[in-house]
Amino acid sequence: MSNPGFPSFGTDAIHAGQDPEKFNFKSAVPPITMASTYQRSDTGIPDLTNGKYIYSRLGNPTRECLEQCIAKLENAKHGLAFSSGMAAITGCIQTFAKAGDHVICGDDVYGGTNWYFNNIANKNGLQVDMVDMRNIDAVVAAVKDNTQIVFFESMTNPLLRVVDVAAVAEAVHRIRDDIVVIVDNTFMTPWNMRPLDLGADIVVHSATKYINGHSDVVCGLLSTNSNNMREALFMTQITLGGVPSPFDSYLVNRGMKTLHLRMPRHAENALKVSEWLEANPRIEKVYYPGLPSHPEHETLKKVARGAPGIITFSTKGQEEHAVKFLKSTKVVTLAVSLGGYESLAEHPASMTHANVPKEHREALGITDTMIRMSVGLEDAEDIIADLDNALKQALPEGNF
């Protein structure tokens, strides 16, 4: 019941100072527009492509800033933001493939992507074949009359294989130009590689990683030059509703502003760490495309500006030695994910790729002593000292 001494108190609390028409100021940083709905000038169903805002799932000013920025960085016409990298990936698959269609997926991909294709997509009627994308002949041989999508990572997770994106795209489109080539560019980022320039149709990112760069948000992005693909993806985006919040969009947009500064430092540190690891007697093998010893080192130079800050390596000994090493680091944090300013390390066989069947892991070479490390922006000497101390604790003299 209203207090007669304070007439219209509730109405004033809701409306005073809140007139929608007043919000047209020129802030240097894009504002976080949290509104779920927007004032309309008329009734009826609006044209959702005309840039007007109706409902925040359909379009949001903060999200639009992010989408325009990733499109520019990928040298694309269009960008779309999703609530996670997996939301962006599954949105692509649901947009361009239906039950009975065939999808080719790279055989070395993130564990969640592997799980999706082999446990969800195939149960929804998609035929899925997993292929080593470095083998162009194998890719061509895998294409069928009903192949609709070829999906792979530009640098694979966790083996850090480098795929010749241009060669794959050219070979696939030579067979049929309507096959949609989708490249997950999360590890490389547009700073190192632009897959659309190499012939891909769509590029996907888990923006949670390097693009945001601060380990404080989950987000997915995709870009394309095709107007038709953009419209189809837009309808999937707004219908399924897998969009990031305005605040998450703001965070990723903020993070991208230092991508060009962070990536060279990540690469510099990763090269120093990988060279040190390669010379360490406690290490069995190092996988880093920036090293001349890497099988795709020349491919990297062909398709990318350089390598990012991800290193995979195997310790000597058994799984318990690798686990002891991970538990002994102080500067490097034991955690999944990657691409933040801080160094992280994880055990693929029991963490990010635990849901990949053991026989598949073994066929790929994902061993129980394998460690994937995201080299951060700390002083390289401190990272190396931390690794040295942890390796000596895990593998004392005489135990390797």
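**Entry 1: the loop after β4**

I began with P158, which lies in the loop between β4 (147–153) and α6 (165–175). The model I am reading is a predicted one. I looked up the peptide bond that joins N157 and P158 and found it to be cis, with omega about 15°. I then turned to L160, whose place is also in the loop between β4 and α6. I noted that phi of L160 is near 60°, which is a positive value in a residue other than glycine. For background I wrote down that most residues other than glycine have a negative phi, and that most peptide bonds are trans. Is L160 buried or exposed? I found a relative accessibility of 0%, so L160 counts as buried.

**Entry 2: another positive phi**

I next recorded S337, in the loop between β10 (333–334) and β11 (344–346). Its phi is near 75°, again a positive value in a residue other than glycine. I read 25% relative accessibility for S337, and therefore entered this residue as partly exposed. The cut-off matters here, because buried means under 20% and exposed means over 50%.

**Entry 3: the cavity**

I searched the whole structure for cavities of 30 Å³ or more, and 1 was found. The largest cavity has a volume of about 40 Å³. Which residues line the largest cavity? I listed G106, D107, D108, D132, M133, R134, F152, E153, T156, R161 and V163. Sorted by class, this lining holds 6 charged, 3 nonpolar and 2 polar residues.

**Entry 4: F152 and the nonpolar cores**

I followed F152 from the cavity lining into the largest nonpolar core, which has 56 residues. F152 is one of the members that touch the most other members; M133, L277, I311, F313 and F325 are the others I noted. Setting aside neighbours within four places in sequence, I found F152 in contact with G106, M133, V163, V165, V168, V181, I182, V183 and D184. Apart from the largest core lies another, of 30 residues, and I54, C92, I93 and V128 are among them.

**Entry 5: the largest pocket**

I then examined the largest pocket, in which about 750 Å³ of space lies. How many residues line the largest pocket? I counted 25, and P20, F23, Y38, Y53 and P61 lie nearest its centre. The classes of this lining are 11 nonpolar, 9 polar and 5 charged residues.

**Entry 6: aromatic pairs**

I found 5 aromatic pairs in the structure. Two of the residues nearest the pocket centre, Y38 and Y53, form one of these pairs: their ring centres are 5.6 Å apart and their planes stand at 35°, so I entered the pair as tilted. Y38 and Y53 both lie in the loop between α1 (9–15) and α2, 15 residues apart, and the pair links distant parts of the chain. I compared their accessibility with the cut-offs. Y38 has 17% relative accessibility and therefore counts as buried. Y53 has 25%, so this residue counts as partly exposed.

I also recorded the pair of F247 and Y250, which is stacked, at 6.1 Å centre to centre and with 25° between the planes. F247 and Y250 both lie in helix α9, 3 residues apart, which is about one turn of the helix. Both count as partly exposed, because F247 has 40% relative accessibility and Y250 has 26%. Finally, I noted that ring pairs link Y116, F117 and F151 into a cluster.

**Entry 7: the buried residues of helix α9**

I stayed with helix α9 (residues 246–256), where P246, S249, L251, V252, N253, G255 and M256 are buried. What covers the buried residues of α9? I noted that the cover includes α2 (61–73), β7 (220–224) and α10 (259–278).

**Entry 8: A121**

My last residue was A121, in helix α4 (residues 111–121). Its relative accessibility is 1%, and so I entered A121 as buried. Not counting residues up to four places away in sequence, A121 touches Y116 and L126. Y116 is also a member of the ring cluster with F117 and F151. I looked up A99 as well: A121 and A99 are 22 residues apart in sequence and 8.8 Å apart in space, C-alpha to C-alpha.

Terms used
Residues numbered from 1 in each chain as written. Predicted model: local features only at pLDDT ≥ 70, side-chain atom pairs only at ≥ 80, totals over all residues. Heavy atoms only, no water. Helix = DSSP H or I, 4+ residues; strand = E, 2+ residues; numbered from the N terminus. Buried < 20%, exposed > 50% of the residue type's maximum accessible area, 1.4 Å probe, protein only. Contact = heavy atoms within 4.5 Å. 1 Å grid on protein atoms, 1.4 Å probe; cavity = no way out; pocket = protein on both sides within 12 Å on 5 of 7 lines; lining within 4 Å. Points joined across faces, edges and corners; volume = space filled by probe spheres on them. Nonpolar A, V, L, I, M, F, W, Y, C, P; charged D, E, K, R; others polar. Core = buried A, V, L, I, M, F, W, Y, C linked by side-chain atoms within 4.5 Å. Phe/Tyr/Trp six-rings, centres within 6.5 Å; stacked < 30°, edge-to-face > 60°.
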